[in-house]
Amino acid sequence: MSLELSSPDMSLPLDAERNAPLVSEWLLGASALLMKHQGDVRTAELIADVSALEVRLWDTQFDREGYRIVLVVDAHLFPRYDEEALKRIEKVMQTVLMPAGKEVDEFAVRPDIRLPTTWRDQLRQPSGPKPSNHARKVRRDLPNHPIEDDLHFTNEWECRVYQVLKERQAALPDNETIGIMPLCKMRVLGSTREPDFLITYRGRAGVIEVDGPHHEGRKRASNDHSRTDLLINAGVEWVARLDVRDVKDKAEVEKFVGTFLSRLTRR
């Protein structure tokens with residue numbers, strides 16, 4: 001089984017029922033990677049920080065397909081998407097869509113504002129409300145996110161890693177199987193974390209993080225190490241990271257999972 005992200009059926013409108021679950025992640029990923037290959041890392045990172053896309057067929061005159069695309073971003077990230085940034089993102093998405101005869105007619109950005117019931121109390125705090133990054137929660141709340149066995153995943157990569165974990169779970173004896181918990185929030189010192197996978201095995205707990213291109217860079221790597229230290233200090237035995245760009249087929253994920261479980265139980 002290949003771990004390549006499934007592409008939409010370009011013979012259909014992007015917002016067709018068959019395409020709707022794929023378009024947001026596919027268009028974001030293709031656009032971000034194109035920007036990275038062209039050396040525009042800043043725009044690539046802006047695209048990677050978009051929580052989701054709203055894509056709607058806008059104009060079908062003269063046998064063409066023109067779309068309205070709206071970037072949905074966390075409220076505290078919204079100021080980063082100024083007019084110049086939007087022009088760059090719109091241009092690269094137009095480039096990605098052009099070979100399929102699809103065009104961008106309208107392009108905009110909106111903040112994702114989720115009003116908590118305690119918003120009045122937050123406003124009365126001396127420092128005001130503190131924004132937090134809920135991008136992963138936003139994606140889980142979208143109708144397009146992958147679901148399997150009543151478990152929710154941010155994207156197809158995580159879902160496919162889960163399928164390999166589930167196969168390993170089924171192959172183990174009943175009395176020493178593994179527990180698989182995707183996207184479970186956990187409180188560590190000073191912050192709340194949401195690992196991609198928390199795995200329990202033979203009395204130990206480990207974490208698997210499925211990393212994409214947005215985990216590049218010195219600052220991001222430093223943040224990843226800091227998060228790893230927090231998890232280890234909280235009792236997690238081992239934290240392993242799988243870079244999806246280095247994965248070519250299912251066998252490589254199986255090897256990664258085998259190594260992770262072996263390391264997790266090492267005394």
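**Exercise 1. How are helix 1 and helix 2 oriented to each other?**

Helix 1 and helix 2 turn out to be roughly antiparallel to each other. Let's work through that, keeping in mind that this is a predicted model, where local features need pLDDT of at least 70, side-chain atom pairs count only at pLDDT 80 or more, and totals for chains, interfaces and linings use all residues. Residues are numbered from 1 along each chain as its sequence is written, and side-chain values use heavy atoms, with hydrogens and water left out.

Step 1: pick out the elements. Helices (H or I, at least four residues) and strands (E, at least two) are DSSP runs, numbered from the N terminus.

Step 2: get the angle. Helix 1 and helix 2 pack at about 165 degrees, and their axes are 7 Å apart. Axes here are lines fitted to C-alpha atoms, for helices over the stretch in contact, and angles run from 0 to 180 degrees between N-to-C directions.

Step 3: classify it. Under 35 degrees counts as roughly parallel, over 145 as roughly antiparallel, 65 to 115 as roughly perpendicular, and the rest as oblique.

Step 4: add the hand. The crossing of helix 1 and helix 2 is left-handed, meaning the near helix is turned anticlockwise from the far one by less than a right angle (clockwise would be right-handed).

Step 5: list who touches whom (contact: heavy atoms within 4.5 Å). Helix 1 brings Leu-28, Ser-31, Ala-32, Met-35 and Lys-36, and helix 2 brings Thr-43, Ala-44 and Ile-47.

**Exercise 2. Which residues of helix 2 are buried, and what covers them?**

Step 1: set the scale. Buried means under 20% relative accessible area, exposed over 50%, and partly exposed in between (1.4 Å probe, protein chains only).

Step 2: read off helix 2 (residues 41–48). Thr-43, Ala-44, Leu-46 and Ile-47 are buried. Seen down the axis, the buried residues of helix 2 fall within an arc of 160 degrees, so they line one face of the helix; the arc is that of the directions from the helix axis to the C-beta atoms.

Step 3: check Ala-48, which also lies in helix 2. With a relative accessible area of 27%, Ala-48 is partly exposed.

Step 4: find the cover. It includes helix 1 (20–37) and helix 3 (83–97).

Step 5: look at the helix 3 side. Helix 2 and helix 3 pack at about 85 degrees, with axes 10 Å apart, and are therefore roughly perpendicular to each other. Arg-42, Thr-43, Leu-46 and Ile-47 of helix 2 meet Ala-85, Arg-88, Ile-89 and Val-92 of helix 3.

**Exercise 3. Which elements supply the largest nonpolar core?**

Step 1: define it. A nonpolar core is a set of buried Ala, Val, Leu, Ile, Met, Phe, Trp, Tyr and Cys residues joined through side-chain atoms within 4.5 Å.

Step 2: find the hubs. The largest core has 29 residues, and Leu-53, Ile-69, Leu-71, Tyr-81 and Met-93 have the most contacts inside it.

Step 3: assign the elements. Helix 1, helix 2, helix 3, strand 1 (52–59), strand 2 (65–74) and strand 3 (102–112) each give at least two residues to this core. Helix 3 has the largest share, seven residues.

Step 4: zoom in on one hub. Leaving aside residues up to four places away in sequence, Leu-53 touches Ser-24, Leu-27, Leu-28, Ile-69, Val-70, Leu-71 and Met-93.

Step 5: look elsewhere. A second, separate core of 25 residues includes Val-161, Ile-208, Val-210 and Val-244.

**Exercise 4. At what angle do helix 6 and helix 8 cross?**

Step 1: take the axes. Those of helix 6 (residues 156–171) and helix 8 (residues 250–264) come within 10 Å and cross at roughly 60 degrees.

Step 2: name the arrangement. Helix 6 and helix 8 are therefore oblique to each other, and the crossing is right-handed.

Step 3: map the contact. Among the residues making it are Val-161, Val-164 and Leu-165 of helix 6 and Val-253, Val-257 and Leu-261 of helix 8.

**Exercise 5. Asp-150 and Leu-183: buried or exposed?**

Step 1: place them. Asp-150 lies in the loop between strand 4 (147–148) and strand 5 (151–152), while Leu-183 sits in the loop between strand 6 (178–182) and strand 7 (186–188).

Step 2: check the backbone. Most residues other than glycine have a negative phi. Asp-150 has a positive phi, near 65 degrees, and Leu-183 has a positive one of about 55 degrees.

Step 3: compare accessibility. Asp-150 counts as exposed at 67%, whereas Leu-183 is buried at 9%.
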